[in-house]
Amino acid sequence: MLPGLIDAHVHPVWYFNSKGRLHTRDDGDTPTQSLHAALANLAAMLNAGFTTIQSVGSPEDAILRDSIRSRGTGPRLLTSLEPLTDKSGGPDSLRWLVRQRKQQGADLIKIFASASIRDGGAQTMTDAQLQAACGEAKAVGLRTLVHAHSAAAVRAAALAGCTQIEHGIFVTQDVLDLMAARGTYFDPQCGLVFHNYLDNRAKYEGIGNYNEAGFAAMTRALPLATAVIRQALATPGLKVAYGTDAVAGAHGRNAEDLVCRVNEAGESPMHAVVAATSLNAAALGLADSIGAIAPGLVADIIATDGDPSSDITALRRVTFVMKGGRIVRDGSTPP
Ligand SMILES: [Zn+2]
């Protein structure tokens, strides 16, 4: 038995449409079809033991969060709503957008500070833009999650006081040390997101930057990803959170990166479990309600077939899920 798992980086509205392709705005699917697909993704994650997830992010998340709250089905959902990018405007526009997100009910702010790994990952947002977005968010009491691949982008985000940095495929030891010194959470992915894209290549190929060069970049990223996690875990004082970046095809397999971190990057199983529970709860600012089994916290409790502290693959065999004191799944119900 262990606390409900937390995934700090998911995309619940991503799904494969009726034509077996990544859903896009103009593919003919109705809003109802899209909503049902997203709810199925959320159910898959909850059944897999992820009682809390953080979506980064989409405007459609608001309706999902409301649906979960009113119907009581689905994981606890935190969302950034629509992310901010270098195209969102100058520092003043970004400050205004941060306040707008707050008003719209965002739980955090998601910021793209670099290009996608499929486009090389170089810094896109200026230092001034990052300082404005992360500074304003802090001033209004919101956390900031920053997509950044290049060392320069990671450095700029850490120096701007952003809360957590995602991905970081091209980090160097000096920026890992900088994050540790500044208390910045680091959320690198181990393998699920890349394997999922490569395994489902036909469903993504030809859409946006899912092209020959993009898939080649993701193949090259695989060994880098495990090396980054190894290096991050060996960096004294660095808080290495847990987020899978689960997109279409990966929902419900959110524990796979924990298996990867242990088996491919050498993390101890218990350290990995802590990353996905109490450390992530602290990263989300929710350590007083989730991430542990203790008096006074909400009862998010799961059970596994096997002991994940010695065999991390036991997290693939979640047999019981309780969220907020309510049983979602018991041993007799199939996922
Ligand atoms: Zn993402």
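**Close-up 1. Where helix 1 meets helix 2 in this predicted model.** From helix 1, the residues making the contact are Leu35, Ala38, Leu39 and Leu42, and they meet Ile63, Leu64, Ser67, Ile68 and Arg71 of helix 2. Sorted by class, this contact of helix 1 with helix 2 comes out at seven nonpolar residues, one polar and one charged. Two packed helices are described by the angle between their axes and the distance between the axes. Here helix 1 and helix 2 pack at an angle of about 60°, and their axes are 11 Å apart. That angle makes helix 1 oblique to helix 2. As for handedness, helix 1 passes helix 2 in a right-handed crossing.

**Close-up 2. The buried side of helix 2, and the face turned away from it.** Helix 2 runs over residues 61-71, and its buried residues are Asp61, Leu64, Arg65, Ser67 and Ile68. Why do they sit on the same side of helix 2? Because they cover an arc of only 160° around the axis. What covers these buried residues includes helix 1 (31-47) and helix 3 (91-104), plus strand 3 (50-55), strand 4 (76-79) and strand 10 (318-323). Look at the face turned away from the buried side and you'll find the exposed residues Ile63, Arg69 and Ser70. Leu64, Ser67 and Ile68 are worth a second look: they are on the list of buried residues, and they also meet helix 1. Exposed Ile63 takes part in that contact with helix 1 too. Just after helix 2 comes glycine 72, with a positive phi of about 75°.

**Close-up 3. Glycine 57 and the cis peptide bond leading into it.** Going from valine 56 to glycine 57, the peptide bond is cis, and its omega is near -20°. Glycine 57 belongs to the loop between strand 3 and helix 2. Is glycine 57 buried or exposed? Its relative accessibility is 17%, so it counts as buried. Setting aside residues up to four places away in sequence, glycine 57 touches His11, Ser80, Leu81 and Pro83. The other glycine to find in this view is glycine 72, the one just after helix 2. Glycine 57 and glycine 72 are 15 residues apart in sequence, and C-alpha to C-alpha they are 21 Å apart in space.

**Close-up 4. Helix 3 packed against helix 4.** Helix 4 takes in residues 127-139, and its axis comes within 8 Å of the helix 3 axis, the two crossing at roughly 25°. With that angle, helix 3 is roughly parallel to helix 4. The crossing of these two helices is right-handed. On the helix 3 side the contact is made by Pro91, Leu94, Arg95, Val98 and Arg99, while helix 4 brings Ala128, Gln129, Ala132, Ala133, Glu136 and Ala137. Divided by class, the residues of this contact are seven nonpolar, one polar and three charged. Helix 3 has turned up before, as one of the elements covering the buried residues of helix 2.

**Close-up 5. Aspartate 187 in strand 8, with histidine 167 among its contacts.** Aspartate 187 is a strand 8 residue, and at 0% relative accessibility it counts as buried. Leaving out neighbours within four places in sequence, its contacts are Ala8, His9, Gln164, Ile165, Glu166, His167, Ala241, Tyr242 and Gly243. Take alanine 241: it is 54 residues from aspartate 187 in sequence, yet the two are 5.0 Å apart in space, C-alpha to C-alpha. Histidine 167 sits in strand 7 (residues 164-170) and has a positive phi of about 80°, although it is not a glycine. Histidine 167 also counts as buried, at 7% relative accessibility.

**Close-up 6. Threonine 184, in the loop between helix 6 and strand 8.** This loop links helix 6 (173-182) to strand 8 (185-187). Threonine 184 has 2% relative accessibility and so counts as buried. Neighbours within four places in sequence aside, threonine 184 is in contact with Ala158, Cys162, Thr163, Gln164, Ile165, Met179, Leu238 and Lys239. Gln164 and Ile165 are also in contact with aspartate 187.

**Close-up 7. Aspartate 245, a non-glycine with a positive phi.** The phi of aspartate 245 is about 60°. Aspartate 245 is found in the loop between helix 9 (212-233) and helix 10 (256-263). With a relative accessibility of 11%, aspartate 245 counts as buried.

How values were computed: Residues numbered from 1 in each chain as written. Predicted model: local features only at pLDDT ≥ 70, side-chain atom pairs only at ≥ 80, totals over all residues. Heavy atoms only, no water. Buried < 20%, exposed > 50% of the residue type's maximum accessible area, 1.4 Å probe, protein only. Helix = DSSP H or I, 4+ residues; strand = E, 2+ residues; numbered from the N terminus. Arc of directions from axis to C-beta. Contact = heavy atoms within 4.5 Å. Axes fitted to C-alpha atoms, helices over the stretch in contact; angles between N-to-C directions. Parallel < 35°, antiparallel > 145°, perpendicular 65-115°, else oblique. Left-handed = near helix turned anticlockwise from the far one by under 90°. Nonpolar A, V, L, I, M, F, W, Y, C, P; charged D, E, K, R; others polar.
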